[in-house]
Amino acid sequence: ILAIGLFLVLYLVTRTLSLDALPIFLDEAVHLQWAERLFSEGRILRPVGSGRLLAVATYGLALPFEDRLWAARLIASLVGALTLLLTMLLAHRLFGTLAGVVAGALYVCSPFALVYDRLALSDGFLSACITGLMLATFRLSERPGEVRPRLIAAALIVLAVVSKVSA
C-alpha cells in the first residue's frame, strides 16, 4: 500500500504539472467538440460511430471549466492513475510484491505513458479498462464459480468497446 501511494504521488506530480505546456492536438479538439455537441445538442452519432463514446462523455465533465483542454487533460491523467493502480495490482497478484513495485516504477517512468496520460484522448480509457479486465480475468481463473468477477469482466469489456472500438 505504501508503494502504491508513493507511485500515485509521483504519477500525479509528473502528469499534472504543466498540463497546458503542449499545444492542443487535433484529436483532443475533436473529442472536446464532440463532448460539447453531445451535452448541448444530444448528438451522439459521431462519438458512437467513431467508437469513442466513453472518453467523449467523460470529457463532458470539462465543459463547465474556462480552460476545457486543461480540465480534459486532468481527467485523462486521473484515468491514467487508475491504470497505474490496476497495473501494480495485477503485477502483484501475478508475480508478487516486488513485481508490483517494478511495474509501478516502469509505468511512472515510461515516456510513452508520460505523453499519452497527459492528452485528452481515448487511449487512456482503453488502457484502464483492459488492465482491469486482465485483473478480473485472473481473479476469475482463481475462482471460476464466482459471479462477481464475471460481471466485472463483462462490464469492463463493454467499457473497453465504448472507449475505443478500433482497438
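Hi everyone, let me start with one term: a pocket, as I use it here, is an open set of grid points where a 1.4 Å probe fits, with protein on both sides within 12 Å along at least five of seven lines. Please keep in mind that this is a predicted model.

With that term in hand, let's take the second largest pocket, which holds about 160 Å³ of space. Its lining includes Thr 83, Thr 87, Tyr 107, Phe 112 and Ala 113. Also in that lining are Tyr 116, Asp 117, Asp 123, Gly 124, Ser 127 and Thr 131. Two or more of the lining residues come from each of H5, helix H7 (111–116) and H8. H8 has the largest share, with four residues. By character, the lining splits into five polar, four nonpolar and two charged residues.

Now for the largest pocket, with a volume of about 360 Å³. Which residues lie nearest its centre? They are Leu 86, Gly 132, Leu 135, Ala 136 and Ile 152, out of 20 that line the pocket. H5, H8 and helix H9 (148–163) each bring at least two residues to this lining. Here too H8 gives the most, this time seven residues. The lining of this largest pocket has 14 nonpolar residues, two polar ones and four charged ones.

Let's move on to the packing. The largest nonpolar core has 17 residues. Those touching the most other members are Leu 32, Val 56, Tyr 59, Ala 62, Ala 72, Ile 75 and Phe 125. Helix H2 (26–41), helix H4 (53–59), helix H5 (68–95) and helix H8 (123–142) each give two or more residues to this core. H5 is the main contributor, giving six. If you'd like one residue to click on, try Leu 32: leaving out residues up to four places away in sequence, Leu 32 touches Tyr 59, Leu 63, Arg 68, Leu 69 and Ala 72. Another core, of nine residues, lies apart from the largest one, and its members include Ile 4, Met 88, Tyr 107 and Ala 113. You've met Tyr 107 and Ala 113 already, in the lining of the second largest pocket.

I'll finish with a lysine. Lys 164 sits in the segment after H9. Is Lys 164 buried or exposed? Lys 164 counts as buried, because its relative accessibility is 16% and the cut-off for buried is under 20%. The side chain of Lys 164 makes a polar contact of 2.7 Å with that of Asp 123. Asp 123, remember, also lines the second largest pocket. Beyond four places in sequence, the residues touched by Lys 164 are Gly 51, Arg 52, Ser 122, Asp 123 and Leu 126.

Thanks for listening!

Key:
Residues are numbered from 1 along each chain as its sequence is written. This is a predicted model: local features need pLDDT of at least 70, side-chain atom pairs count only at pLDDT 80 or more; totals for chains, interfaces and linings use all residues. Side-chain values use heavy atoms; hydrogens and water are left out. A nonpolar core is a set of buried Ala, Val, Leu, Ile, Met, Phe, Trp, Tyr and Cys residues joined through side-chain atoms within 4.5 Å. Buried means under 20% relative accessible area, exposed over 50%, partly exposed in between (1.4 Å probe, protein chains only). Contact means heavy atoms within 4.5 Å. On a 1 Å grid over the protein atoms alone, a cavity is a set of points where a 1.4 Å probe fits but cannot get out, and a pocket is an open set with protein on both sides within 12 Å along at least five of seven lines; lining residues have an atom within 4 Å of a point. Grid points are joined across faces, edges and corners, and a volume is the space filled by probe spheres set on the points. Ala, Val, Leu, Ile, Met, Phe, Trp, Tyr, Cys and Pro count as nonpolar, Asp, Glu, Lys and Arg as charged, and the others, Gly among them, as polar. A polar contact is a pair of N or O atoms within 3.5 Å; within protein, one must be able to donate a hydrogen and the other to accept it, and residues adjacent in sequence count only if both atoms are side-chain atoms.
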